[in-house]
Amino acid sequence: MNQHYQNLVQKLEEITHLSGVMSTLGWDQEVMMPAGAGEARAKQIAALAGVIHERMTDPALGECLNELKEKDFDALSEPERCNIREALHSYELETKVSKRLVQELAELSSRGHGIWVMARQENKFSDFAPVLKRFLELKQEWAQCVSPELKPYDANIDLFERGTTMDMITPIFERLKQELIPLIAAIRAHSYQPNTAFLQGRFALDKQEALARKISRDIGFNFEQGRMDVSVHPFCGGSHPTDVRITTRYKDSNFVESLYAVIHETGHALYEQGRPHELGDLPASESLTMGIHESQSLFWERMIAQSKPFCSHYFDTIRAAFPDNLKSATVDSFYRAINTCKPDFIRVEADEVTYPLHIILRYEIEKGLFDGSMQVDDLPHIWNELMLKYLGIQPPTDALGVLQDSHWSGGAFGYFPSYTLGAMYACQFYKTLLSEQPDTEKHISEGNFTPIKQWLNEKIHRQGRLYTPQELVRRVTGEALNPDHFIGHLKQKYSEIYGLTSV
Ligand code: ZN
């Protein structure tokens, strides 16, 4: 092997291994760490972050990458070229920004989070507004440094969904608005509402956990190379494809929430466990983008686990876990109950039909803030107007409105679109799976998830970072991202559940 390239592999693998340690520390902090260790842990994390940053910005790494890019690139294999491309991209992201700006962003993120928590608690947007204003200035400056060729908001989106721009997103989101706003209005106007009474009550936590573990294992989570634990917010972490860790939380008043959180996180975990790590602990073997990751979790949560065949396979098992609560329920009533569509203020609790409008609202606001057509001080008003226009409801407080998400308090602009891009990718992937494997619904109803997992492994997980998300979608489905699949899915499913005839 080329000496320069060998040298590069050594440097990049070291960065991956250190990042794995960081990720384990982060998991431990959320799941196991005694509360009193917070301060010591913050110092450990800061020290390790410093070491990783040093390695990532090492001028010798930059020289090595540029040398390879200029002299040896064409002679290398596709995964090797991918490693160079990806490593160069992160090297540039890390080194193009001045130390002063990096520090100011880090400082504002940690201070901003505390201010946001208080502002939300006291329902006082004006306390949070200065943080938001300063973040916008810093993020504009940051965008100018890292991608001067892109519009500032596009540079922020690029961080989460590489290669995706407002020019691609806006027409897709306009189409979603055009179709989903009337669909939601029709559902609201309809007198029928699914009966969800049997989902209320008390559900023993040990039964919930046993059920979640069973379903996670059934759909393919490998517990030999993964764990499932409890944390305040469900997440998927871990240090390596052979060490993937998911979490959930249990409420004794609601089993559907924790069960579907586990299925969601299992979708993320299958992606991580399916990565091609025989290519080395290198960028080419990593997962692609936020949007593609979310497509994997939503594929299992929405396309599979909220489907009728899935409900029919698991209904008896679920009823056996909670016999008193579910004695009057049927497969059909269970399916309808878990697919209730009801506009609500809070994004994270939204159903699959209303969710995209929560995202579009945030996208339009971020876009407006970056191009100067919206002002921070007007956000509570703008937020409430858009909620009324899109979902027909208005939050009574800013805590239930503009202050609900933590993203902006950490300066994460451009993150929100990846949730809905993920939902649309998931639907388009599922449509392709159905056409390539017409027995898929039968497999689901028999609890045979292996062919589905294998298909995802081969088509998506094992592709690592070889392609951009746009190329991957095209290679897997034969076309670019097309919102019609998602719109068609929602219209058909919810017209049937709600008995709508005119949408
Ligand atoms: Zn997710």
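**Exercise 1.** State in which sense β2 and β3 pair, and place them in their sheet.

Solution. β2 and strand β3 (residues 243–248) pair in the antiparallel sense, over four bridges. Strands here are DSSP runs of E with at least two residues, helices are runs of H or I with at least four, and both are numbered from the N terminus. Two strands pair if DSSP finds at least two bridges between them. Within this pair, Gly238 stands opposite Val244 in β3.

Next, take the whole sheet: it is open, has three strands in the order β1-β3-β2, and its pairing is mixed. β1 (226–230) and β2 (236–240) are the edge strands, each pairing on one side only. From one strand to the next the twist averages 20°.

The model is predicted: local features need pLDDT of at least 70, side-chain atom pairs count only at pLDDT 80 or more, and totals for chains, interfaces and linings use all residues. Residues are numbered from 1 along each chain as its sequence is written, and side-chain values use heavy atoms, without hydrogens and water.

**Exercise 2.** Find where Ser409 is placed and decide whether Ser409 is buried or exposed.

Solution. Ser409 is in the loop between α15 (379–391) and α16 (417–436). Its relative accessible area is 1%. Buried means under 20%, exposed over 50%, and partly exposed in between, with a 1.4 Å probe and protein chains only. Ser409 is therefore buried.

Then list its surroundings. Leaving aside neighbours within four places in sequence, Ser409 is in contact (heavy atoms within 4.5 Å) with Leu108, Ser109, Gly112, His113, Trp116, Phe128 and Phe135. A polar atom of the Ser409 side chain lies 2.6 Å from the backbone oxygen of Ser406.

Notes. Axes fitted to C-alpha atoms, helices over the stretch in contact; angles between N-to-C directions. Polar contact = N/O pair within 3.5 Å; in protein donor to acceptor, adjacent residues only side chain to side chain.
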